[in-house]
Amino acid sequence: MTDAQPAAGAPADPAPDPLRDPWAAPMRQALAEAALAPGTGDVPVGAVVLSTDGRVIGTGHNAREATGDPTAHAEVLALREAAKEVGEWRLNGCTLVVTLEPCTMCAGAIVLSRVDRVVYGARDEKAGAAGSLWDVVRDRRLNHRPEVITDVLADDCAALLTDFFRAR
């Protein structure tokens, strides 16, 4: 028996409690977005931007292979869509929810867009720039430092990536 399998007759894990983990539902939306990426050969990373009232105002999934654009990371695409929705580049009060810890490029875009919060699932020990390898988003030398919330549905986010790379 593993941690993932309850003993025979044992009740299944309860559904996530939104009061205990308010980020689970938005992360599930980001996971659904990430699931769209492998269809074009892109790494399954997904992102959503939430407005101050919790409404989704931007979505994105990796599309570098699909578009030939090296900047077409999930976070950048979601931030672009959110900025278009709000009508300006400043995303004050917004939250970016992403399945994988942002890279340095995305961390820079996050800081420059002025989002208040970054919520991510799986850590990226090889290229993460929100606490793992680097911590660009909280660098005290920069003029904006969003709050960072880590490890939200981390196992689900990591499994999506592991499955993708195993299949390759």
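This briefing covers the sheet, one exposed loop residue and the largest pocket of a predicted model. Local features need pLDDT of at least 70 and side-chain atom pairs count only at pLDDT 80 or more, while totals for chains, interfaces and linings use all residues. Residues are numbered from 1 along each chain as its sequence is written, and side-chain values use heavy atoms, leaving out hydrogens and water.

**Sheet**
- Five strands (DSSP E runs of at least two residues, numbered from the N terminus) form an open sheet in the order β2-β1-β3-β4-β5, with mixed pairing; pairing requires at least two DSSP bridges.
- Because β2 (56–61) and β5 stand at the edges with a single partner strand each, one side of each is left without a neighbour in the sheet.
- β4 and β5 pair in the parallel sense over three bridges, and Arg117 stands opposite Glu147 in β5.

**Loop residue Lys126**
- Lys126 lies in the loop between β4 (117–122) and β5 (147–149).
- Lys126 counts as exposed (over 50% relative accessible area, 1.4 Å probe, protein chains only) because its relative accessibility is 76%.
- Cys103 is 23 residues from Lys126 in sequence, and their C-alpha atoms are 9.3 Å apart.

**Largest pocket**
- The largest pocket (an open set of points on a 1 Å grid over the protein atoms alone, with protein on both sides within 12 Å along at least five of seven lines) has a volume, the space filled by probe spheres set on the points, of about 340 Å³.
- Of its 19 lining residues (an atom within 4 Å of a point), the closest to the centre are Val43, Val45, Asn62, Leu100 and Asp124.

Note on methods: Helices (H or I, at least four residues) and strands (E, at least two) are DSSP runs, numbered from the N terminus. Buried means under 20% relative accessible area, exposed over 50%, partly exposed in between (1.4 Å probe, protein chains only). On a 1 Å grid over the protein atoms alone, a cavity is a set of points where a 1.4 Å probe fits but cannot get out, and a pocket is an open set with protein on both sides within 12 Å along at least five of seven lines; lining residues have an atom within 4 Å of a point.
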